[in-house]
Amino acid sequence: MRQQFDTLKANQDDLHHISVSMQGKLNSANGSRVGGTDTGTDVSNGVAIGGGPVGRSVAAHFSDIVSIADYGAKCDGTTDDTASAQAAITDVSTNPKYAHGVRIYIPYGVCLISSPLSFSTLDGRSISIRGSGITSSTLRFSGTDGLVISMQGGGLDISDLHVQRSVASGVSNQALSVTAPHGNVQAVVSNVQIDGTNQAVAWQTGAVFRNIGPQINHLYVNGFPNSNGADTVDSYAIGIFGALGPTSAGNIYAIDAKIVNSVFVGSRTGIRIGGAVQGVFVTNSEAIANDYGIYWDSTATAPQNAVAELLLVNNFHVNSHSSGIYTAGMNQVSVHDGLILHYAPSIDQFYGVNITKGQDATVSGLQINGDGSAGHPETFIRLGSYSVASVIGNKSLTLNGPSIDVSGSAYISVIGNTSANFPNYSGDRILGCNTTNVMCVANNMDNTFAFSETTGGNVGISAKGNVNVKGKALFVPQVFSNSTSGYGFNVGGQPYNVMTSTGPLNVNICGSSNCTIGNPSNTVSILGAMTAQTISAASLKLSGNLYSSGKVCLDANCARYVYEDAPKHKVKIGNSTNGDVFSIDDKGNVLVKGSLTQNSNP
């Protein structure tokens, strides 16, 4: 690019800005742009020939990108650039010539800002605020807040920028606040870092979005130090809030916020959500050294019409003091493939995942590493007053408390979870499996017998292979078990023993009371050979042989019976009143207790 200026007051960054904007040559010369106005020879109407076939005026090229340096900002780390930066922001947010959108450029360097930079748009225009990179362009604030933005329609793009705080001032402060009074704003935040010059002066709130579902990629927030349960300020690295009730524009929702590839350190909460939010999706992100990694309670603040819809979290890491993920009143929660660590353990109860007062949840593929120390209560996964949920394939290591607690919930499946190492906890590893409409299957809890799985519930299979079936069950062709390992089998609600497929098989199908198995007539059908010590049934059908080392009872109370006296090689018949009354040995010899008649003759 060939340019001729008699006077050009620009640093290297200005030259880059001009070359990007013009990408051609001027047919007029001798001019410079200072403080938002042209001085020297007026070249604003000069034609700049760019890469395309149509030339545009110099003024048109400058309108594409507005640098705060055009309004006097130095960004040298010593000059107060507040007035210049505010003038640039006010101009692009109100000037009609930028009604179709414009980019505000934050030059390379440190721009010192002593009060909040704020603007509002009323006409749906889109604004982009961009720097040259998070290590290159810094807005360093010394006031209470940072960027305060209100938009009615349009879009907002904030990227390649470092938003920093340098002094401790104000009880509550926030680095970035974006509000859409009537919703319908598209907001994108990418490659942005928010922190303090040291953690003691860090922002108490990193970024907050109201009535907006932002698209966030590569946001790093190093927030105010967390006090591990003793925080007096509700600080959070990022907040997403919908309206709490009807407005003049109707019910306003924050719609489908997406957070990816981001890190949130410090603050009381990593990601705070509230009000009417339809969906929040968190992927490939971390929340570290917080009380709560993710906190969403729609029951405490939102009225009935401000429904919390969906939280989806996958491929994540949280390191929290009180709870990795806490939700209440959600319509749907899905948490998958993450690592949860217990940060700064204390006497406070810790939950890895605590999902309460809602419906439709799935928790799978998580791992938690707890503390396990006495006096530090811990629970890996809790579903409280919840309905319709699955807890599948999770793993916990070193806990001082139950691995899973589904007490008080219904229609819950707990399947294939593994836990190990409970140095200071001796209770049940899974709580609530004896609750109505809760199914616990194939969970390996510390390689020990999990009693909660075999004393109730619909179906339970413990770590040692113990099976509990509540209600009807069909087994074809055979049931196998190992008596030497203490395995058990239960049908109908009573924990009777099953022995082994190679030896005696002890089955009491109905327990001490009547039950129906197979069909309403209480007929039991067995499609293979069966070995039993005691059999009690109204009707028994066998397609194979029946072997019994005990009595075959002819009624529910075993008042009449048949059995084999193996040592004496005899088959005997008896009743509860008179004992054995008839026997016959292998040679046909008969012994009768009482009279013997033939054709009515003694």
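A residue is called buried when its relative accessible area is under 20%, exposed when it is over 50%, and partly exposed in between (1.4 Å probe, protein chains only). These legends describe a predicted model, in which local features need pLDDT of at least 70 and side-chain atom pairs count only at pLDDT 80 or more, while totals for chains, interfaces and linings use all residues. Residues are numbered from 1 along each chain as its sequence is written, and side-chain values use heavy atoms, with hydrogens and water left out.

**View 1. The whole chain, with its four helices and 45 strands.**
Helices (H or I, at least four residues) and strands (E, at least two) are DSSP runs, numbered from the N terminus. Of the chain's 602 residues, 47% count as buried. The accessible surface comes to about 26,600 Å², and 51% of that area belongs to carbon and sulfur atoms; accessible areas here come from the Shrake-Rupley method with a 1.4 Å probe, and for residues only the protein chains shown count as cover. A contact means heavy atoms within 4.5 Å. Among contacts between residues at least 6 apart in sequence, 61% join residues at least 24 apart.

**View 2. An open sheet of five strands, in the order β41-β42-β43-β44-β45.**
Two strands pair if DSSP finds at least two bridges between them, and the pairing in this sheet is antiparallel. At the edges are β41 (552–553) and β45, each of which pairs on one side only. Moving inward, β42 (residues 560–565) is joined to β43 (residues 570–575) by six bridges, and V562 stands opposite I573 in β43. Six bridges also pair β43 with β44 (residues 579–585), again in the antiparallel sense. In a regular strand the side chains alternate between the two faces of the sheet.

**View 3. The hairpins that link β43 to β44 and β44 to β45.**
To trace the backbone here, follow β43 through three residues into β44. The hairpin between β44 and β45 has four residues between its strands. In that turn, look for G588, which has a positive phi of about 95°. Three bridges hold the antiparallel pair β44 and β45, and S583 has L591 in β45 as its bridge partner.

**View 4. A nonpolar surface patch made by V571, I584 and V590.**
Together these side chains offer about 210 Å² of accessible area. Patches are made of residues with over 30% relative accessible area and no salt bridge; like charges are joined within 9 Å, and nonpolar side chains (Val, Leu, Ile, Met, Phe, Trp, Tyr) within 5 Å. V571 stands opposite I584 in β44, while V590 is found in strand β45 (residues 590–592). V590 counts as partly exposed because its relative accessibility is 46%.

**View 5. A salt bridge between K572 and D565.**
A salt bridge is a side-chain nitrogen of Lys or Arg within 4 Å of a carboxyl oxygen of Asp or Glu, and a search of the whole structure finds four of them. Here the N to O distance is 2.9 Å. Is K572 buried or exposed? K572 counts as buried because its relative accessibility is 13%, and D565 is buried as well, at 13%.

**View 6. D291 and R268, a salt bridge across a sequence gap of 23 residues.**
The side chains of D291 and R268 meet at 3.6 Å, N to O. D291 lies in strand β22 (residues 279–297) and R268 in the loop between β20 (263–265) and β21 (269–274), so the pair ties together parts that are 23 residues apart in sequence. D291 is buried, with a relative accessible area of 1%, whereas R268 is partly exposed at 25%.

**View 7. D123 and R125 meeting in a salt bridge.**
The N to O distance for this pair is 2.7 Å. How do the partners sit relative to the surface, buried or partly exposed? D123 is partly exposed, with a relative accessible area of 44%, but R125 is buried at 2%.

**View 8. Positive phi at D337 and T398, neither of them a glycine.**
D337 has a phi of about 55° and lies in strand β24 (residues 330–342). With a relative accessible area of 47%, D337 is partly exposed. For T398, phi is near 60°, and you will find T398 in the loop between β27 (395–397) and β28 (404–405).
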